[in-house]
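Here is a short briefing to read alongside the coordinates. It goes topic by topic, so feel free to keep your viewer open and jump around.

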Amino acid sequence: MSQGPELIITEKDNAARRIADILSGGSAEADRKNGVNVYKWGGKRCIGLSGHVVGVDFPPEYNDWRDVEPVELIDAPIDKHPTQENIVSALRLLARRAGRVVIATDYDREGELIGKEAYELVREVNEDVPVDRVRFSSITENEVTEAFANPDELDFNLAAAGETRQIIDLVWGAALTRYLSLSARQLGDDFISVGRVQGPTLKLIVDREREIEAFDPEDYWELFADLEKAASEDADAASFEAQYFYLDEDGNEAERVWDEDDAERAYETLESSSTADVESVRRRTRTDDPPAPFNTTQFIRAAGSLGYSAQRAMSIAEDLYTAGYVTYPRTDNTVYPDDLEPRDLLDAFSGTRTFGDDADSLLDQEDIEPTAGDEETTDHPPIHPTGELPSHSDLSEDEWEVYELVVRRFFATVAESATWEHLRVVASVAGDDEDLSLKANGKRLVEPGYHAVYPYSNASESFVPDVTEGEELAVTDTSLDAKQTQPPRRYGQSRLIETMESMGIGTKATRHDVIQKLYDRGYIESDPPRPTRLARAVVEASEEFAERIVSEEMTAQLEQDMQAITRGDATLEEVTDESREILEEVFEGLMESGEDVGEHLQKSLKADKTVGECPECGGDLVIRKSRRGSYFIGCDAYPDCTYTLPLPSTGKPLLLEETCEEHGLAHVKMLAGRKTFVHGCPLCKAEEADEQEDLVIGPCPDCHEEHGGELAIKRLRSGSRLVGCTRYPDCEYSLPLPRRGDIEVTEETCEEHDLPELRIVYDDEDREPWDLGCPICNYREYQAEQSESGSDLESVSGIGEKTAEKLKDAGVENVESLKEAEPDAVADQVDGVGPDTVREWQAKAD
DNA sequence: GCAAGGTC
């Protein structure tokens, strides 16, 4: 037996650091090996992986999509190879000398598989070192020491269950994705994908859209009356709104009147009445329990109601976690671990500016019993603050807002229930044949309980005065509202994630990514997401030939099979063989269908980008992308027809259902995050620009002296407006102007530039005009602001927060330096970015 | 270049 150091392997660096800290009593020191952190103390080493450091894939000879028939992938061999070379070689180096290995990956199925992957890497270089497995569900002193005192063995069955999932997902996903892409001749970046999780998620969205389209609205009416309680010695007059109701055939209360004549008859009675008698008053006290601790899904939902997309919420949570302010953000658990001491954690907030008062009031409670949700898992604790507090200046505004949400959610889970007093009043109005009933429901928060520390949940009250049975109220106003039943609402991102969770598809760590993937593939657009024609075609084709790939049943079945493998009642081979046979049958059906699937997909792809009829040749006008990466509208008959229309330079075009009455072309919306706007009919925009004469306002600072150039307010055919030189294109001097509002030239002049000051006036009368001033001075101020706020990289469409960070790391600080950068050099330094992408950004930035 | 699952 070798006497080398003990090697502890965790799933991530963060866990490695904290476990080393606990086991060493704080004496562990970090050392870098191969660019990977290794924590060292006594005879021990601890290294963190980065999730899976090996991946499954087909051998390289299957890489060419055209050379390999998709059906061949079903029985193709599958290799496992390192995907994180530096971590793998650091691990090998340490494992060679180790005298004992302890696998301390996360306590869930995927953690067991990651542990087994580490085990296999260890075995490659060290045949007989003993390998143990420890399991703990939160990294606390108690749990970790306990786990290391009682080591267990790796569960190879559980790991095999995970591998089974990897194989089935790869085979089905790759074979069907390639088949659909090839049949639709979509082989570039715009391939057509399907998979066990994205399939059912997309079908969810498409099915909802189908319901909305099939929806037949129905008319109904509702009646309301304002009732007033007369003033008395102790109180002023008080009025409140009551709604008409009746008992339907089943004896249930109903408010909607489905027949117009009935509604009008009832309204006549109501309108002609000046008083109503209180028939009954009912008071009830209701307790409103505080919410359960945050798991990932509920966190995303709460952040969603603050306006954060699922993707953004997770990215912020990730940052807060890495900085040490909140616990691990990917968890299913809604039950705090036993060793979480609410008082200790509250103490950490006591005395702080933002949270001190609330923490103290919670600490004043006699006993503190945190709430618990339905899910108790072994993966990680629910998301809560760690007790290490950031100061305001450590965080961006968004980060602070999300941090405060997590803190306050923790506060809410240890706070008391709220108490509401409900007051229900029924009054009647006398009619000729029959009396009408009116009801009002009042709600008063008597004990705010957790609402005092958690302002995110609805605590609004509705007022109904204290009335008594038999009291007479005045009818001061009445209304008859004609309404229509509404179609079901589209799924928002957080509803989608909640629904995926309830269907059992995806995981806490992937559901938000899946939604992002659907956007990236061109399957959904806008927010809440709407499916494209392509998405419908993909779902339709799948429903017909590969129903499993769009059904949640595939996951349910896989889950059962994995449980059988875990129990030892089935094997990886049995389950994957059976799955491959089913996929063979799917392919038989697809082959028989001939070209139909491909044609349908191609038609839908084209429909997604067809704007309307070409005014010159009658062909189809479609959205195209120029070589420089900008979008424009061109004729499908190109090169026979060269008709084009420009589009704005910011954002990605989305065609709306609405069409232009004059030209019959679809209206265009430009999607650009917060800068999204409706462009409208592209032909109208072009014509408006053609009709409007340039308005000269003064000398061009670049070329007036030499060539007599002058500045003019111009409208471009793409819809944008600018102040530019009349000698364009010989002189390219230009200043941007806002897209919206009428531009007024005022009497005031800027002496420095000899230009009039401009004012922007809006159609919306409530909106104050904007005194933009001299266009040159204004642009200078704008640029100064941009450079002060740090980076403006994210203003280029296609560059998100993460990419901007990576660019800055590569020395590209702002748009100016991006424009001057060498595309190949940037591409070399930034992961996942090619030179063409850089050129595309440069073109857009211009 | 395909999936889904880890993690950054």
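In this predicted model, strands S2 and S3 (residues 36–41) pair in the antiparallel sense, joined over five bridges. Together S2 and S3 make a hairpin with two residues between them. The points below start from that hairpin, then turn to the DNA, two helices, one loop residue and a second sheet.

**The S2–S3 hairpin and its sheet**

- Two pairs help you find the register: Arg32 stands opposite Asn37 in S3, and Ala30 stands opposite Tyr39 in S3.
- In the turn of this hairpin, Asn34 has a positive phi of about 60°.
- How many of the five residues of S2 are buried? The count is zero, and S2 is hardly covered.
- The hairpin belongs to an open sheet of six strands with mixed pairing, ordered S2-S3-S4-S1-S7-S8.
- Strand S2 (29–33) and strand S8 (131–133) stand at the edges of this sheet; each has a single partner strand, so one side of each is left without a neighbour in the sheet.
- On average, and ignoring direction, neighbouring strands of this sheet are turned by 25° against each other.
- Helix H2 (residues 85–97) lies across strand S1 (6–10), S2, S3 and strand S4 (44–48), and H2 runs at about 160° to S4.

**Around DNA strand B**

- DNA strand B is surrounded by 41 residues, and the closest are Ser50, Arg178, Leu187, Phe191 and Tyr328.
- Of the atoms of DNA strand B that come within 4 Å of the protein, sugar and phosphate account for 62%.
- Arg178 places a polar side-chain atom 2.5 Å from a base oxygen of DNA strand B.
- Val56 has a backbone N or O atom that lies 3.2 Å from a base nitrogen of DNA strand B.
- Arg165 has an N or O atom in its side chain that is 3.4 Å from a sugar or linking oxygen of DNA strand B.
- Which elements give two or more residues to the surface near DNA strand B? They are strand S5 (54–57), H5 and helix H9 (310–322).
- H5 supplies eight residues, the largest share of the surface near DNA strand B.

**Helix H9**

- What span should the 13 residues of H9 have at 1.5 Å a residue? The expected value is 18 Å, and the end C-alpha atoms of H9 are 18 Å apart, which agrees.
- The buried residues of H9 are Ala310, Ala313, Met314, Ser315, Ile316, Ala317, Leu320 and Tyr321.
- Gly324 follows H9 and has a positive phi, near 95°.

**Helix H15 and the loop after it**

- Helix H15 (residues 533–545) has 13 residues, which should span 18 Å at 1.5 Å a residue; its end C-alpha atoms are 18 Å apart, in agreement.
- Leu534, Ala535, Arg536, Ala537, Val538, Val539, Ala541, Ser542 and Phe545 are the buried residues of H15.
- What covers the buried residues of H15 includes helix H5 (156–183), helix H6 (198–214), strand S17 (530–531), helix H17 (572–592) and helix H18 (596–609).
- Arg548 is found in the loop between H15 and helix H16 (553–567).
- Why does Arg548 count as partly exposed? Its relative accessibility is 30%, and the partly exposed class lies between the cut-offs of under 20% for buried and over 50% for exposed.
- Leaving aside neighbours within four places in sequence, Arg548 is in contact with Trp172, Met554, Gln557 and Ile582.
- Arg548 and Ser315 are 233 residues apart along the chain, and their C-alpha atoms are separated by 32 Å.

**The sheet of S18 to S21**

- Four strands form an open, antiparallel sheet in the order S18-S19-S20-S21.
- Its edge strands are strand S18 (610–613) and strand S21 (644–646), and each pairs on one side only.
- From one strand to the next, the twist averages 30°.
- S18 and S19 pair in the antiparallel sense over three bridges, and Thr610 stands opposite Val622 in S19.
- The hairpin of S18 and S19 has six residues between the strands, and Gly618 takes a positive phi near 80° there.
- Strand S19 (residues 620–625) is joined to strand S20 (residues 631–635) by five bridges, and the two run antiparallel.
- Lys625 stands opposite Tyr631 in S20.

Note on methods. Residues numbered from 1 in each chain as written. Chains lettered and ligands numbered in written order. Predicted model: local features only at pLDDT ≥ 70, side-chain atom pairs only at ≥ 80, totals over all residues. Heavy atoms only, no water. Pairing = 2+ DSSP bridges. Axes fitted to C-alpha atoms, helices over the stretch in contact; angles between N-to-C directions. Expected span 1.5 Å × (residues − 1). Buried < 20%, exposed > 50% of the residue type's maximum accessible area, 1.4 Å probe, protein only. Contact = heavy atoms within 4.5 Å. Near = heavy atom within 4 Å. Polar contact = N/O pair within 3.5 Å; in protein donor to acceptor, adjacent residues only side chain to side chain.
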